[in-house]
Amino acid sequence: MTYSGQRLPQKRSLVTALPGPRSEALTARRDRVVAAGVGSSVPVYAADADGGVIVDVDGNSLIDLGSGIAVTGVGASHPAVAAAIAEQAARFTHTCFMVTPYEGYVRVAEELAELTPGDHAKRTALFNSGAEAVENAIKVARLATGRSAVVAFDHAYHGRTNLTLALTAKAMPYKAHFGPFAPDIHRVPMSYPYRDPAGLTGAQAAARAIEQIERQIGADSVAAVVIEPIQGEGGFIVPAPGFLPALADWATAHGVVFIADEVQTGLARTGAWFASAHEGVVPDIVTMAKGIAGGMPLAAITGRAELLDAVHAGGLGGTYGGNPVACAAALATLEVMRTEDLPARARRIEEIARPRLSALAGELAVVGDVRGRGAMLALELVEPGGADPAPALAKTVAAEALSHGVVVLTCGSYGNVIRLLPPLVIGDDLLSDGLDVLAQALRTHGR
Ligand SMILES: *Cc1c(COP(=O)(O)O)cnc(C)c1O
């Protein structure tokens, strides 16, 4: 039985216009003290959240189709996760694993060795954020291979630190004016079925990328290829079948570390524990964060023992990495995902949502593409009659949905993608209501 939120009523209900007066007052206070560079896509302040709803400071109950960017798959206050956090916090909040270690960290590593693809010997290191995980995966790959070049893809998003910005593809808002960026990062074309030449197969798209790598860098200079199995911020781009396996095979053949950045796709979100598994790809290193700890900051890299153990003691770590409260939250989250079979729940969400999104694509010329897997689904919005991106429409539709009490996020290199990332525990009725509101917003503005 799935815990679909029992503490708060699982329904949409608006008692003020959005944002309400209390949210507006908080925005005024915020503008005086919070850095302008930190944006919020929904100017509504949260007071409570449970299952598939967020209740704001004015008492409005919103349907959450974003999970705080794919984080709260188990909901934002699952009782098992909340209890594990409280229990651990009452014992100790921190000792630093690099000083006085504790069992929770070891147990998380044991779990991730089980859950990540492949049955080879694995090692794990824990960090605080997705960007930190990606940085550390690259440190490991460089040290283990003795090479320095790193390959990333068009439309990639890997974080906001200097090295991960070098990997990230999009100038605004992420990179513009923040350079110079870390050197020896190389970008090659992604497989983007909606925008690639018609009929380009996954194998052909991989050959296009590999040809560029070999010509511009040389295979024996490449330490790692870093790729999101389904791109997140870049627009929920699902590569053509065969693309990921071909790249992984090429990497193996040339001693290149294949790093799957599963920070957004990982941990049940796409209907499997990891998106790599949909095509039987076994990455050398998997990066994880977002969904792993029910909202607590925790990130991980899990990879081949010989790669991670190549690093000298003290070469990896950080003061807070694998914080014990975050580890307790992760263990509870993974247990919930297993006992409530949230990978199956993600597949069920796709079963409900995809036919409705496809029907919208049939009805409205502005819906150019419907894609994604499991509970990671998206609509790419375009100008009618072609494929020119329609970012203003995506923004308007998200704002319209919000005004009716539904939180949906946008993404995409062109800013024209509406993405759905509901909590995996959202109830069917609540999900349907959220999809109705989204459909109506599209019909209102997309004709
Ligand atoms: C969000 C994200 C990151 C960065 O994670 P942070 O925790 O924000 O640093 C890295 N990679 C992918 C694929 C992401 O979606």
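**Notes on helix packing, one sheet and some backbone oddities**

1. Helix α3 (residues 79-91) packs with helix α11 (residues 324-339) at about 155 degrees, their axes 8 Å apart. Angles over 145 degrees count as roughly antiparallel, so that is the label for α3 and α11. Keep in mind while looking at this pair that the model is predicted. The crossing of α3 past α11 is right-handed.

2. Who makes that contact? On the α3 side, the residues are Ala80, Val81, Ala84, Ile85, Gln88 and Ala89. From α11 come Pro324, Val325, Ala328, Ala329, Ala332, Thr333 and Val336. Sorted by character, the residues of the α3 contact with α11 are eleven nonpolar, two polar and no charged.

3. The other helix pair to look at is α13 (residues 391-403) with α14 (residues 428-445): the two axes come within 9 Å and cross at roughly 130 degrees. That angle is neither over 145 degrees nor in the 65 to 115 range for roughly perpendicular, so α13 and α14 count as oblique to each other. Here too the crossing is right-handed, with α13 passing α14.

4. On the α13 side of this second contact you'll find Leu393, Thr396, Val397, Glu400 and Ala401. They meet Val437, Leu438, Ala441, Leu442, Thr444 and His445 of α14. The tally for the contact of α13 with α14 is seven nonpolar, three polar and one charged.

5. Now the sheet. Four strands make an open sheet, ordered β1-β2-β3-β13, and the pairing is mixed. Which strands stand at the edges? Those are β1 (46-50) and β13 (406-407). Each has a single partner strand, so one side of each lacks a neighbour in the sheet.

6. Inside that sheet, β2 (residues 53-56) pairs with β3 (residues 61-64) in the antiparallel sense, over three bridges. To find the register by eye, start from valine 53, which stands opposite isoleucine 63 in β3. The sheet also brings us back to α14, which lies across β2, β3 and β13 and runs at about 90 degrees to β3. So α14 turns up twice in these notes: it crosses α13 at roughly 130 degrees, and it lies across three strands, β2, β3 and β13.

7. On to the backbone, where two cis peptide bonds are worth a look. One joins methionine 172 and proline 173, with omega about 5 degrees; proline 173 lies in helix α7 (residues 171-175). The other joins glycine 179 and proline 180, also with omega about 5 degrees. Proline 180 is in the loop between α7 and β6 (185-188).

8. Where do the positive phi values sit? Leucine 267, with phi near 60 degrees and not a glycine, lies in the loop between β8 (257-261) and β9 (285-288). Alanine 268 has a positive phi of about 80 degrees, again in a residue that is not a glycine, and it is found in the loop between β8 and β9 too.

9. Are leucine 267 and alanine 268 buried or exposed? The cut-off for buried is under 20% relative accessible area. Leucine 267 comes in at 2%, so it is buried. Alanine 268, at 0% relative accessibility, therefore counts as buried as well.

Technical notes. Residues numbered from 1 in each chain as written. Predicted model: local features only at pLDDT ≥ 70, side-chain atom pairs only at ≥ 80, totals over all residues. Heavy atoms only, no water. Helix = DSSP H or I, 4+ residues; strand = E, 2+ residues; numbered from the N terminus. Buried < 20%, exposed > 50% of the residue type's maximum accessible area, 1.4 Å probe, protein only. Axes fitted to C-alpha atoms, helices over the stretch in contact; angles between N-to-C directions. Parallel < 35°, antiparallel > 145°, perpendicular 65-115°, else oblique. Left-handed = near helix turned anticlockwise from the far one by under 90°. Contact = heavy atoms within 4.5 Å. Nonpolar A, V, L, I, M, F, W, Y, C, P; charged D, E, K, R; others polar. Pairing = 2+ DSSP bridges.
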